[in-house]
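Thank you all for coming. I would like to walk you through one structure this morning, and I will start at its surface before moving inward.

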Amino acid sequence: MTVPSDIEIAQGAKLRPIVGIAEKLGIKAEELELYGNYKAKVSNKVWERVKDNKDGKLILVTAITPTPAGEGKTTVTVGLAQGLDKLGQKVSFAVREPSLGPSFGMKGGAAGGGYSQVVPMEDINLHFTGDYHAITTAHNLISAMLDNSLQQGNELNIDPRRVVWKRVVDLNDRALRHVVVGLGGRPNGVPRESGFDITVASEVMAILCLSTSLMDLKERVSRIVVAYT
């Protein structure tokens, strides 16, 4: 018997509308921000409604033996949730969003594997709800503002040799790790050494994860150190 591949299993799965899945977890349709029929974000209003409920049980799945192909944390997490659901427990699980870097690298996608994976697998591995793109753009906007400040008279007296804020891209691209920007003459900026990090290493990403509100996010972004005089 031939065992189907992960993508064959994912593409052969019969997807259920996300509204129905949310309803099973006690989340109302009006508390969802839909991205088509099978993906959604959950409103913060849910927390306000359930914060006084009795706490459930938390299981953390982790590993300490990384391999080029990954360790199987997501697959184990999904399988564990499937098993608990089969036993009649009310269960949900949380996993991180895949980065396009590992997804297009040796490791591959990060939505689980076999019959213990999250679908639609291709959507989840490729951009999902667009958050990484938004983080990349926000991060690189700061970079553009910084270089424009250098170009337009450098009122902050920034030392171009002491700029610590790189740009980001959600790919593994070693050719961009160390670059020189601002080449091409005076209209194109002040030449300086720089580079690209991967989006998931962005400080904007860390701030998004830690912020408790939009105001908190704005305050944290305003305190980012990008360069020295």
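Phe104, Leu126 and Leu171 make a nonpolar surface patch of about 290 Å², where a patch joins nonpolar side chains (Val, Leu, Ile, Met, Phe, Trp, Tyr) within 5 Å, taken from residues with over 30% relative accessible area and no salt bridge; the accessible areas come from the Shrake-Rupley method with a 1.4 Å probe. Please keep in mind that this is a predicted model, in which local features need pLDDT of at least 70 and side-chain atom pairs count only at pLDDT 80 or more, while totals for chains, interfaces and linings use all residues. Residues are numbered from 1 along each chain as its sequence is written, and side-chain values use heavy atoms, with hydrogens and water left out.

Leu126 sits in the loop between helix 6 (121-125) and helix 7, helices being DSSP runs of H or I with at least four residues and strands runs of E with at least two, numbered from the N terminus. With 40% relative accessibility, Leu126 counts as partly exposed, that is, between buried (under 20% relative accessible area) and exposed (over 50%), using a 1.4 Å probe and protein chains only.

That loop leads us to helix 7, where the buried residues are Tyr132, Ile135, Thr136, His139, Ile142, Ser143, Leu146, Asp147 and Leu150. They cover an arc of only 130° around the axis, which puts them on the same side of helix 7, the arc being that of the directions from the helix axis to the C-beta atoms. An α-helix has 3.6 residues a turn, so residues three or four places apart point the same way. On the other side of helix 7, we find His133, Leu141 and Met145 exposed.

What covers the buried side of helix 7? Among the elements in contact, meaning heavy atoms within 4.5 Å, are strand 7 (192-194), helix 8 (203-210) and helix 9 (214-222).

Strand 7 also brings us to a salt bridge, defined as a side-chain nitrogen of Lys or Arg within 4 Å of a carboxyl oxygen of Asp or Glu. The side chains of Arg192 and Asp147 meet in such a bridge, at 2.8 Å from N to O. Arg192 lies in strand 7 and Asp147 in helix 7, so the pair ties together parts that are 45 residues apart in sequence. Both Arg192 and Asp147 are buried.

Finally, Asp159 forms a salt bridge with Arg161, their closest N and O atoms being 3.1 Å apart.

How values were computed: Patches are made of residues with over 30% relative accessible area and no salt bridge: like charges are joined within 9 Å, nonpolar side chains (Val, Leu, Ile, Met, Phe, Trp, Tyr) within 5 Å.
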